[in-house]
Amino acid sequence: MRHLAAAAAALVASLVPGRLADDDKDVDTMESCWLDEPGGSSGSVAQRCCMPRPCGLADCWAPPSFTYEFCCDEPACRNLNVEEIKRALDLAVASLPNENASQLAFRTAPEAFREMLQRGLRGLQLTLPDGFQACNCALAYAAAVLLWHREESPHVAYLLKPRWFLDGISWRTVVSLGWGSLFGWLDRFPPAGLDEGTAGQQLDNSEACQIATIKTWDKAATARWVEANVGADAARLLQEQDVDGEVLLSLKEDDLEKLGIESFGSRRKLALRLQDMASIAGACEVNRSAHSLPEVLPPDADLGERKDALGQFLDAAQSQARAVVKLPEDRYGDSALEPPFGEFLASLRKANIFRDVWQRVSDDLAWRRKGQKCVVARGQENLGRWLACEPWEYSLNANFASLLPKVAGKEGLKDGLGESSVAICVLGAPRTVVKTYESIRLKVVEELGGDAFVYVPFSGLFTPALEDELKLLGRAVTAIVVPDVDKKTFEGRTFGEFRDPRLPLLYGKANGPWRAPLFGQMGSSMWGYHNQHCCRRMVESYEEQRNRQYEWVVFARADMFWVQPHPPLEVLSPDFVHVPVGQDNNFYNNNPLRGINDRHAVVPRGWFEAYFNRWEVLLDGRAWRYLEPVAEADHEMNTEQYLLLHLQALGVKIRRYPPLSFLVHCTEGPQCQHLYKGTDLRRQRWTQTAKYWTELIEARRTTLDDFHYVKRQEKGWIWAAMKVHVGWNWGAIPKGNWD
């Protein structure tokens, strides 16, 4: 038994977070911990760097790597599951008042619901009031419970506790993480005793709200109200005791009996009416808070002010909810003393809180589903302040001009924004789970002193969380965020933009992922060409506005993590496009074609149009001139091979430089399909930093001397052109001679 007890104690000790051992105190918990560790989160270094934390803690492990785990070891909380539950919730709310909305949600993501409710998190209680269960996975779990079970069921009462919803997670966080539709689901029923029409009425100027100023009543006004609601005898007794409105609100049934109100029915009726008045006063207070916040921000306002205004409203609403539902004072006491979750929701619904919150949140969601074009000024700590935003949507004739001239001279815009000789295109959907934006700002944009142009398609919503992430990119002359489209919509839109309806038939003959997602091909290559087209339009529009061209245009993918600063332009020749070494993906599917790295490029202005115009030459048919031989030879071609073929056709000269960045994993979305989804791999945790380990190794070899085991930059190494720049040898190398 002693051995068994010792084993049990060891197990408990392994699950409880403790202090670092003496030899672990200096362990690096940031990027070097992850970048040097091939095992990712399961490797020995990661286990020392990133100690397990209490179940549900949001920052379970430190960036720049990531984990899908909720309890540091929970596959149910993979990002794919969480996002599918979120999508199911949005669809269910959008279908209301459909009585089968919950079934629609389950049919949308059946496997995610099973993972949440029947496997990994089965039986988990959301009850902690201290923020340990305030993360994406906790919200996904709560949404799954409320969608699958009737809210008055014992399952909901057991799994969800009012204390968690009122104190354990901020409503501001709920909306910031993209779960605002949860309030729409909670608002789907009218308050008890009210029909839909009555429930939807605003209370701000109603008689009820005027009455709800009960604290300001004198004893005569208090007596009149008591007489109207309970009777003259009770009113007389209270007036004799100098009871005014404020005192009346503090009275309990025992106090009323001591004051001489002998009738139990009169005492109970008065207590119930006072309880109703408190709820009405709470709803009125929430409405007053809502209408005191700005509905329309001035044109040059910081985009963050909109988020802050909504956050203030949500904080006020949550505070009012706490006033409506009085929970036991002991935050860590027995949760059995709390009302059942369904009864708790009914109380807030009766106070009209969900209706008011959902009205404000749904207005914000409608705005966040639209595209925006903004200027980004310098804010605190060099983070971006998004200004002068205006609605924007993509079309062939869309206006890509910068809004910078409209707000020139504003704070954060007076230090040279728009005056650089270098334009930097940061492109791509925010589909990564490793935070790349800060490394791009520090090691590319600021290192080169460039003007950033940002084009970011978002999936579903331009969430406050995404807004915060984009601030890490810093300043930008033009920043466009636009709703992403699914494969079917993208294909239909693209086919509609082809200048000749015969072009799809021709391109259909040239097989391979270079044309994805068209023709059912897996991948996102065409999105990449489209994103480059949009940045080219932004850069050219601003060049016209400032009457001066840029000398260099840098293409920087948003999902590249930069290990070291970008090479200085002084060592690069303006006669060549400069591309990182490696990741050329030659001879795809055993064809004889070579490729070239398409993840980053430093492009002199003379080659700007040639490098960035793959979208245009596809739309107008010029690309078929060099695609036709590939189609006739029946070669399957990838994106890198298509880029090399395109540049070769236009005579672009190329030089290479050692790589300093690598592609990180992406979360599933229109531009990132997870090929393992239909296999057993979907059950495995996916926690490596780099998408391709060979690329990570290539980047590390640039900075690490493998022979002396030192970091070159720490030993004073500098960039230099080691030989005269010469053109890329376009001569074909037969595949048989390559090895």
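**A walk through the fold, starting at Ser-541**

Ser-541 is buried, with a relative accessible area of 18%. That value falls under the 20% cut-off, so Ser-541 counts as buried. This serine is found in helix 27. Setting aside residues up to four places away in sequence, Ser-541 touches Phe-400 and Ala-401. The model is a predicted one.

Step back to the whole chain. The protein has 739 residues, and buried residues make up 53% of them. The protein contains 33 helices and 13 strands. Consider contacts between residues at least 6 apart in sequence: 75% of these join residues at least 24 apart. About 34100 Å² of the protein is exposed. Carbon and sulfur atoms supply 51% of that area.

Now return to helix 27. This helix spans residues 525-546. Cys-535 lies in helix 27. Which cysteine is its disulfide partner? The partner of Cys-535 is Cys-425, with the two sulfur atoms 1.9 Å apart. Cys-425 belongs to strand 3, residues 422-427, so the bond ties together parts that are 110 residues apart in sequence. The torsion about this S-S bond is about -90°, so the disulfide is left-handed. Cys-425 is buried, at 0% relative accessibility. Cys-535 is buried too, at 0%.

Cys-534 sits beside this bond in the sequence but makes no bond to Cys-535. Why does Cys-534 not bond to Cys-535? The sulfur of Cys-534 is 8.7 Å from the one in Cys-535, its closest cysteine sulfur, and that is too far for a bond. A disulfide needs the sulfur atoms within 2.5 Å. Cys-534 is also buried, with 0% relative accessibility.

A search of the whole structure finds two disulfides. The other one joins Cys-374 to Cys-389, at 2.0 Å from S to S. Here the torsion about the S-S bond is about 115°, so the disulfide is right-handed. Cys-374 lies in strand 1 (residues 372-378) and Cys-389 in strand 2 (residues 384-391), so this pair ties together parts that are 15 residues apart in sequence. Is each end buried or partly exposed? Cys-374 is buried, at 0% relative accessible area. Cys-389 is partly exposed, at 23% relative accessibility.

Next comes the nonpolar interior. In soluble globular proteins, nonpolar side chains tend to be buried together. The largest nonpolar core here has 68 residues. Within this core, Leu-627 and Tyr-642 touch the most other members. Helix 27 gives the most to this core, with eight residues. Leu-627 touches Tyr-507, Trp-514, Leu-618, Met-637, Tyr-642 and Leu-645, leaving out residues up to four places away in sequence. Apart from the largest core lies another core, of 67 residues. Its members include Val-145, Ile-169, Phe-341 and Leu-345.

Some of the residues that Leu-627 touches carry aromatic rings. Tyr-507, Trp-514 and Tyr-642 are among them. These three also belong to one aromatic cluster. The cluster further includes Phe-495, Phe-498, Phe-519, Tyr-529, Trp-624 and Tyr-626.

Across the structure there are 29 aromatic pairs. One of them is formed by Trp-171 and Phe-183. This pair is edge-to-face, with 5.3 Å from centre to centre and 65° between the planes. Trp-171 lies in helix 10 (residues 171-176) and Phe-183 in helix 11 (residues 181-186), so the pair ties together parts that are twelve residues apart in sequence. Trp-171 and Phe-183 are both buried.

Another aromatic pair brings together Trp-386 and Phe-462. This one is tilted: the centres are 6.2 Å apart, with 45° between the planes. Trp-386 is in strand 2, while Phe-462 is in the loop between strand 4 (451-458) and helix 24 (464-471). The pair links distant parts of the chain, 76 residues apart. Both Trp-386 and Phe-462 are buried.

Phe-462 has a charged partner as well. Arg-368 lies over the face of Phe-462, at 5.9 Å from the ring centre. A similar arrangement involves Phe-313. The charged end of Arg-360 sits over the ring of Phe-313, 5.4 Å from its centre.

Definitions and conventions
Residues numbered from 1 in each chain as written. Predicted model: local features only at pLDDT ≥ 70, side-chain atom pairs only at ≥ 80, totals over all residues. Heavy atoms only, no water. Helix = DSSP H or I, 4+ residues; strand = E, 2+ residues; numbered from the N terminus. Buried < 20%, exposed > 50% of the residue type's maximum accessible area, 1.4 Å probe, protein only. Core = buried A, V, L, I, M, F, W, Y, C linked by side-chain atoms within 4.5 Å. Contact = heavy atoms within 4.5 Å. Areas by Shrake-Rupley, 256 points an atom, 1.4 Å probe, with all protein chains shown as cover. Phe/Tyr/Trp six-rings, centres within 6.5 Å; stacked < 30°, edge-to-face > 60°. Lys NZ or Arg CZ within 6 Å of the ring centre and 35° of its normal.
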